[in-house]
Amino acid sequence: GPFYPSALRALIFTHVIEMDLLIVLSTSTAYVFSVVSFAYQVAGRPLPTGEFFETSTLLVTLIMLGRWVSAFARQRAVESVSIRSLQAATAVLCDADGRGDQEIDARLLQYGDLFKVTPDSRITTDGMIVSGMTEVDESMVTGESLPVEKHPGSAVIAGSLNGSGVLVVRLTHLPGNNTISTIAAMVDEAKFSKPKTQELVDIVASYFVPVILTLTIVTFAIWVAIGISVRHQNSGRAVVNAITYAISVLIVSCPCAIGLAVPMVVVIAGGVAAKHGVVFKSAMAIETARNVSHVVFDKTGTLTQGELSVAEAVYLSNKDDLVESITLGLTCDSKHPVSAAISTYLKERGVDAAKIGDSKSVTGKGVEGTFDGANVRCGNTRWLSAETLPEVQDLLAKGLTVFGVAINDQLIAVFGLSDCLRPDSHSVVTELQKRNIAISIVSGDDTGAVEAVATKLGIPASHVRSRCTPGDKQVYLKNLMTDEKKVVIFCGDGTNDAVALAQADIGVHMNSGSDVAQTAADVVLVRPYLGGILVLLDLSKAALHRIFFNFAWSFVYNLFAILLAAGAFVDVRIPPQYAGLGEIVSVVPVILIALHLRWFKREY
């Protein structure tokens, strides 16, 4: 069988005693004993037990059968929650008018291809609708429970289920790089990382085999003594009987369910979370989220929708056209939500962008460059040293986000922007506070805008920080984390949140934000809804309950099985040839317990 090569390689080359070594020792002992017994029989002096060659064969057969059953169960369990199962295998190429259908393997799709999506079928890959209208069920990918209306120009997500309409879609991401592949890759990243509970399992496993070998020797010695002293058997018969008990102890201990207790739950939890729109990039996040004591939110794009609009514009120069042109030149290439809102506002007014030289973004502050030899800057008014001006103070008092523009340190324009809270921000914050979890807002935005949001959400002023640079956010989190008992989540979306996401115990990224922030995060919310924070906390508790239950089952099984195999119960024992059935008895319950997570439901 496969046991000998793996066990001997581990022992010889890495000096690790694997559990397969127990199988090797027990089957080898049974076989060698049978050879010796057979030799005695040929010599005319048969041993009382006779030979039992069938024991080795039946042992290996039952153990391999058990491993096949457990591997099959694990595979089916993983497939049942795998996001990759949503990837369609084929695509139907077509013309722009939806004609000329040609079915191909989805892996052959190329950029620029048009493909057709028929009613009630899955969308092959990410794309943009060219023609057709429908409603799409995205629940399996994003967790969004209601169908989403789609029309020409709408983006569609791979794996989502089309409604009653026929769509012609232009491919934007290849199947190997679409939403499903990205989520699956992040799930795999978590699957192959180790939580602290797994480290504990590894320590236990490292002592397990030596302990079992010791128990086997003790069992053998005790039954030899019982055979000679109590049952008055001759030494040969006592040794033969003791060997059968020793072999049973070795075999019944081999399938240690504790080895699957953690990884099986992590795999299932990761798949279930992905179907609720939450992607774990780190297995540590699954373990620690249940103990969260403090959640720190960014404001713009996290608690608010990040869809800023210009509410007021104040020009402090008599050259409004030039001011607008310079402002658009500075902001047109920036992806920051404030700059993007200003740029959209000016473009809608028909403004032409001025050519700005040496333009560069200053993280947490704004953008600067040169125009006709003059230094031009735009961004937060503190950076522009203009926060005390009456025009700025007036906008701040209205709870607006203030954006200034300056030439040679002279303020020439100021814009006031407004934003709306996300629909679920209030309910999520309220639920977290009911659970005695502290809430903070740490934002780079102006004081008035941040305090206005905090007031609406019932967050105390002592937990509100405004005009924070990325470094300020990191310092705030470090101060919270000085108490080792506290577990802190930071939830943000922008590039300027990347440092804070990496600093927090658990960094949660809103998927509508930047790729840099996503890289630094431990958890990604596939759809921009804060309810994913509650899914994260509740799924973590459910997963850890199952891990602890698996630990308890592993302990009870091994204790009872070893006692039974060692003959602790006089009238009941496990014959050596049937001890291999323990593979199924111990491992399958662990898989079923982990698989129960599939029925995890959120009530919010």
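**Sheets, cores and selected residues of the predicted model**

Strand 13 and strand 14, the latter formed by residues 366–371, are paired in the antiparallel sense through four bridges. Within this pairing, V362 has G366 of strand 14 as its bridge partner. The model examined here is a predicted one. In the model, the two strands belong to an open sheet of six strands, which has antiparallel pairing and the order 12-17-16-15-14-13. The edges of the sheet are formed by strand 12 (309–315) and strand 13 (357–362), each of which pairs on one side only. On average, neighbouring strands of this sheet are turned by 15° against each other, direction ignored.

Two helices pack on this sheet. Helix 13, covering residues 337–348, touches strand 12, strand 16 (401–407) and strand 17 (410–418). The direction of helix 13 makes about 75° with that of strand 12. Helix 14 (residues 390–397) also packs on the sheet and touches strand 12, strand 16 and strand 17, but its direction makes about 5° with that of strand 17.

One residue of helix 14 was considered individually, namely E391. With a relative accessible area of 29%, E391 is classed as partly exposed. Once neighbours within four places in sequence are left aside, the contacts of E391 are V314, L316 and V414. Between E391 and A413 there is a separation of 22 residues in sequence, and their C-alpha atoms are 9.4 Å apart in space.

At the level of the whole protein, the secondary structure consists of 21 helices and 22 strands. The protein has 604 residues, of which 51% count as buried. Of the contacts between residues at least 6 apart in sequence, 67% join residues that are at least 24 apart.

Another open sheet of six strands, likewise with antiparallel pairing, has the order 2-1-3-9-4-7. At its edges stand strand 2 (102–105) and strand 7 (155–156); each has a single partner strand, so one side of each is left without a neighbour in the sheet. The partner relation of strand 2 was examined further: strand 1 (residues 90–93) and strand 2 pair in the antiparallel sense over four bridges. In this pairing V92 stands opposite E103 of strand 2.

Parallel pairing is found around strand 20. Strand 20 is joined by four bridges to strand 11 (residues 294–297), in the parallel sense, and V295 has I489 in strand 20 as its bridge partner. Four bridges also join strand 20 to strand 21 (residues 506–510), and these two strands run parallel. Here I489 stands opposite I506 of strand 21. Strand 20, formed by residues 488–492, is mostly covered, five of its five residues being buried. In a regular strand, side chains alternate between the two faces of the sheet. Both faces of strand 20 are covered, with V488, F490 and G492 buried on one side and I489 and C491 buried on the other.

The largest nonpolar core of the model comprises 61 residues, and those with the most contacts inside it are F297, L432, I489, I506 and V508. Helix 20 (residues 531–565) supplies the largest share of this core, eleven residues. At least three core residues are drawn from each of domain 1 (2–80 + 189–265 + 542–599) and domain 3 (283–303 + 422–521). The surroundings of V508 were examined in detail: apart from neighbours within four places in sequence, V508 is in contact with I489, F490, C491, G492, L501, V523, L525, I533 and L536. Separate from the largest core lies another core, of 23 residues, which includes L330, F403, V405 and L417.

A further residue, N241, is located in helix 7 (residues 235–253). N241 counts as buried because its relative accessibility is 18%, under the 20% limit for burial. Not counting residues up to four places away in sequence, N241 touches W223, R231 and R573.

The unreviewed UniProt entry lists residues 21–40, 52–70, 200–226, 246–274, 547–570 and 576–597 under "transmembrane region". For one of these spans, residues 547–570, the end C-alpha atoms lie 34 Å apart in the model. This span is 79% helix and 0% strand.

Terms used
Residues numbered from 1 in each chain as written. Predicted model: local features only at pLDDT ≥ 70, side-chain atom pairs only at ≥ 80, totals over all residues. Heavy atoms only, no water. Pairing = 2+ DSSP bridges. Axes fitted to C-alpha atoms, helices over the stretch in contact; angles between N-to-C directions. Contact = heavy atoms within 4.5 Å. UniProt positions renumbered as here; feature names shortened; annotations may be inferred. Core = buried A, V, L, I, M, F, W, Y, C linked by side-chain atoms within 4.5 Å. Buried < 20%, exposed > 50% of the residue type's maximum accessible area, 1.4 Å probe, protein only. Domains from an automatic or database assignment.
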